[in-house]
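Colleague: Could you take me through one part of this model up close? I'd like the second largest pocket, with whatever surroundings help to place it.

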Amino acid sequence: MSTFEFLWQGILVAMQPMNLVYALVGVTLGTAVGVLPGIGPALTVALLLPATYKLDPGGSLIMFAGIYYGGMYGGSTTSILLNTPGESASIVTALEGNKMARAGRGGPALATAAIGSFVAGLIATLGLAFIAPYIVKLALVFGPREYFALMVLAFVTVSSAFGDSALRGLTALFIGFALAMVGIDQQTGQARLSFGIPDLLDGVEVTTLAVAMFAIGETLYIAAQGNRVAEQVEAVKGSLWMNAQDWSRSWKPWLRGTLIGFPIGAMPAGGAEIGTFLSYSTEKRLAKNPEEFGHGAIEGVAGPEAANNASAAGTLVPLLTLGLPTTATAAIMLAGFQQYGLQPGPLLFATNPQLVWGLIASLLIANAMLLVLNLPMIGLWVRLLTIPKPWLYAGILLFATLGTIGANPSVFELGMLLAFGLLGYVMRLFGYPIAPAVVGLILGPLAEQQLRRALAISQGDVTTLVMSPIAAGLLIVAAAAFLIPLILRIRGRGQVLSQLAANED
């Protein structure tokens, strides 16, 4: 069957009434959490993991994807009206969007963000549909050596991409590895690191760790910050619609932002933040009036917002085809797949094509829903900013606890939720990223399994791990991804020290 036929079948699945309801719930929740500063889609999906444990897998995954897309949309609202990005990828939008809102042009800023997100999401989702089958064909030739090398690349890039320090990222990753070792060894049947506690024989639940670190830990960290800065919401003045000049200045940045954001999101070391900054610098360089940048240039909103949403679709390329997450939300979505006994990758396209293509097609529908939700209902989303923070964070903590108890009614599991939540808070407090720890727990056992298979095939000969050209290439890329930033950082420090020494002389 061709991609068009698969996509058409996926649309038929996505158009089923219950799947439409799941998509609507997802995009509505996603927009709401995107609007609320500090409450991102990763936290929301983590909260819903235990609550959706017994629901339909396809519908739940459609809802999670809707939350991801909606979070990207909603983050622009707070960036423009509050100068506080709801999502890290919306930081660049605040540079020009808030200036436009202060100048009384908040309506056109919100409109170009919403329409640009729709255009980028539509094109990028179609790109996902047509590119994914080719990556799947490539991945089907992978053996244990290639998969292990791919996992190593994922570990290195995830550790480098999240946080300011690769060392802290690796430390968080190894915390995840240590937790992944807990339980019964799948090959020997021996108990590992269970300390004689029967509850640990099944290992650490990914759902419990994800909810604890993203919901409990992040919420405690955000709540601990308090209201240090007075927040002032800029009122939306005048019409919400764009005039002819706004349209003519926006459509090219929308397309350029899509072309920049989608491939960067699909890269193992991608992420929406990189694409938005590149889009902003590109628009500033190509602008007819670059002096407007910093004072409310509409191109500085249109391009980054398009890149932001295109990268969301790009992130799903490695997640669905290879099972590799490149963002925190993708890592939690991977946990969602595993919650239903599904492993994203090339075999999923062969064994469960209805689910995969239904998920991809639902993104097209969710994208249209988001356009309808964002523009006419902007007043409702702005009112969410008035929710008292103590109520909001207390509600998140309560929902996280009840969800975990509902999925696994155990006092020991509740204790683990609290312990991991405090661990997540301490990690955030000292600047250690959370996502690598969750990725380590999810992918650690898979990497161990592939390594042991490869060594069993080669009768313990480690050198065979690099005998495959694909495996060797992936390991070289992984080494470069780790060493190049490290060398640049050391060189930068050396230049700073030499400059200080020169100043003292």
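**A close look at the second largest pocket and its surroundings**

Modeller: Let me start away from the pocket, with P263, which is found in helix 10, residues 244–266. Bear in mind that this is a predicted model. P263 has a relative accessibility of 39%, so it counts as partly exposed. Its C-alpha atom is 8.8 Å from that of T315, although the two are 52 residues apart along the chain.

Now for the setting as a whole. The protein has 20 helices and two strands, and buried residues make up 54% of its 505 residues. If you take the contacts between residues at least 6 apart in sequence, 78% of them join residues at least 24 apart. On the outside, the protein exposes about 21,900 Å², with carbon and sulfur atoms supplying 67% of that area.

On to the part you asked about. The second largest pocket has a volume of about 860 Å³. Its lining is made up of 37 residues, and the ones that lie nearest its centre are D202, V204, V206, Q338 and P445. Several elements give two or more residues to this lining: helix 8 (166–180), strand 1 (183–184), helix 9 (206–225), helix 13 (328–339), helix 17 (389–407) and helix 19 (435–457). Helix 19 gives the most, with seven residues. As for chemistry, the lining divides into 17 nonpolar residues, 13 polar ones and seven charged ones.

Then there's the packing. The largest nonpolar core has 114 residues, and the members touching the most others are F64, F214, I332, F337, I360 and L443. Helix 15, residues 353–374, gives the most to this core, with twelve residues. I332 is a handy one to click on: leaving out residues up to four places away in sequence, I332 touches A42, V45, A46, L49, A210, F214 and V438. A second core, separate from that one, has nine residues, including L81, A101, A109 and V301.

To finish, look at helix 20, which runs over residues 469–504 and holds I476. A471 has its place in helix 20 too. Which of the two is buried, and which is exposed? A471 has a relative accessibility of 0%, so it counts as buried. I476 comes out at 60% relative accessibility, and therefore counts as exposed. The cut-offs behind those two calls are under 20% for buried and over 50% for exposed.

The surroundings of A471 are worth a look as well. Leaving aside neighbours within four places in sequence, A471 is in contact with R145, E146, A149 and L465. The C-alpha atoms of A471 and F142 are separated by 8.9 Å, with their positions 329 residues apart along the chain. For I476, the C-alpha separation from V466 is 9.7 Å, and those two are ten residues apart along the chain.

Conventions: Residues are numbered from 1 along each chain as its sequence is written. This is a predicted model: local features need pLDDT of at least 70, side-chain atom pairs count only at pLDDT 80 or more; totals for chains, interfaces and linings use all residues. Side-chain values use heavy atoms; hydrogens and water are left out. On a 1 Å grid over the protein atoms alone, a cavity is a set of points where a 1.4 Å probe fits but cannot get out, and a pocket is an open set with protein on both sides within 12 Å along at least five of seven lines; lining residues have an atom within 4 Å of a point. Grid points are joined across faces, edges and corners, and a volume is the space filled by probe spheres set on the points. Helices (H or I, at least four residues) and strands (E, at least two) are DSSP runs, numbered from the N terminus. Ala, Val, Leu, Ile, Met, Phe, Trp, Tyr, Cys and Pro count as nonpolar, Asp, Glu, Lys and Arg as charged, and the others, Gly among them, as polar. A nonpolar core is a set of buried Ala, Val, Leu, Ile, Met, Phe, Trp, Tyr and Cys residues joined through side-chain atoms within 4.5 Å. Buried means under 20% relative accessible area, exposed over 50%, partly exposed in between (1.4 Å probe, protein chains only). Contact means heavy atoms within 4.5 Å. Accessible areas come from the Shrake-Rupley method with a 1.4 Å probe; for residues, only the protein chains shown count as cover.
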